[in-house]
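Here is a friendly walk through one protein chain, residue by residue and element by element. Keep the structure open beside you as you read.

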Amino acid sequence: LSDLTPAMKPSDAFAHIAHRRTERVEIDELEGRITTSLVTPYPPGIPLLIPGEVFNKTIVDYLKFAREFNAQCPGFETDIHGLVEEIGEDGKARYYADCVKED
């Protein structure tokens, strides 16, 4: 279990998307950042975070584990809605989440 810290209302986090005040942040830099989207692994389909909550160490460690699992077990990848996968020029997958833009 993980202590969840709401930093703002979900509607306020969504407003950051509507006003284009978001930034895409790589997994390794997520701790302490505020998500603008649901972060939901499938299975089981239960959100880890809802918009406006803060990425904490437990959740970031889980996302790092999922990244490593996906690299080690091709064909059995974990699908985590709310993460964006980009394949780099080196052929490795990198994962990002959209967060409230820091001022």
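## Threonine 40 and its surroundings

Leaving aside neighbours within four places in sequence, threonine 40 is in contact with Gly45, Ile46, Pro47, Asp79, Ile80 and His81. Please keep in mind that this is a predicted model. Threonine 40 belongs to strand S2, which covers residues 40-42. Is threonine 40 buried or exposed? Its relative accessibility is 3%, so threonine 40 counts as buried, the cut-off being under 20%.

## Cis bonds after S2

Moving along the chain, we come to a pair of prolines. The peptide bond from tyrosine 42 to proline 43 is cis, and its omega is near -15°. Proline 43 sits in the loop between S2 and H2. A cis peptide bond also joins proline 43 and proline 44, here with omega at about 15°. Proline 44, too, is placed in the loop between S2 and H2.

## Helix H2

Does the length of this helix fit its residue count, and what span should we expect for its 16 residues? At 1.5 Å a residue, H2 should span 22 Å, and its end C-alpha atoms are 22 Å apart, which agrees.

The buried residues in H2 are Ile59, Val60, Leu63, Ala66 and Asn70. They cover an arc of only 115° around the axis, so they lie on the same side of H2. Phe65, Ala71 and Gln72 are exposed on the other side of H2. And what do the buried residues of H2 pack against? Their partners are strand S3 (79-81), strand S4 (83-87) and S5.

## The largest pocket

H2 also takes part in the largest pocket, which holds about 240 Å³ of space. Its lining is made up of Glu26, Arg67, Glu68, Asn70, Ala71, Glu77, Glu85, Gly91, Lys92, Ala93, Arg94 and Tyr95. Two elements give two or more residues each to this lining: helix H2 (57-72) and strand S5 (93-100). H2 gives the most, with four residues. By character, the lining residues divide into three nonpolar, two polar and seven charged.

Asn70 and Ala71 appear in this lining. Within H2, Asn70 is among the buried residues, whereas Ala71 is exposed on the other side.

## Around H1 and the segment after S5

Histidine 16 lies in helix H1, residues 10-18. Beyond four places in sequence, histidine 16 is in contact with Met8, Arg21, Thr22, Thr36 and Val100.

Arginine 20 is found in the loop between H1 and strand S1 (22-26). What is notable about its backbone? Arginine 20 has a positive phi of about 55°, although it is not a glycine.

Lysine 101 lies in the segment after S5. Not counting residues up to four places away in sequence, lysine 101 touches Arg21, Thr22, Glu23 and Arg33. Arg21 and Thr22 are thus found among the contacts of lysine 101 and also among those of histidine 16. Lysine 101 and threonine 35 are 66 residues apart along the chain, and their C-alpha atoms are separated by 9.7 Å.

The table sets out how accessible these residues are.

| Residue | Relative accessibility | Class |
|---|---|---|
| Threonine 40 | 3% | buried |
| Histidine 16 | 12% | buried |
| Lysine 101 | 45% | partly exposed |
| Arginine 20 | 73% | exposed |

Terms used:
Residues numbered from 1 in each chain as written. Predicted model: local features only at pLDDT ≥ 70, side-chain atom pairs only at ≥ 80, totals over all residues. Heavy atoms only, no water. Buried < 20%, exposed > 50% of the residue type's maximum accessible area, 1.4 Å probe, protein only. Contact = heavy atoms within 4.5 Å. 1 Å grid on protein atoms, 1.4 Å probe; cavity = no way out; pocket = protein on both sides within 12 Å on 5 of 7 lines; lining within 4 Å. Points joined across faces, edges and corners; volume = space filled by probe spheres on them. Nonpolar A, V, L, I, M, F, W, Y, C, P; charged D, E, K, R; others polar. Expected span 1.5 Å × (residues − 1). Arc of directions from axis to C-beta.
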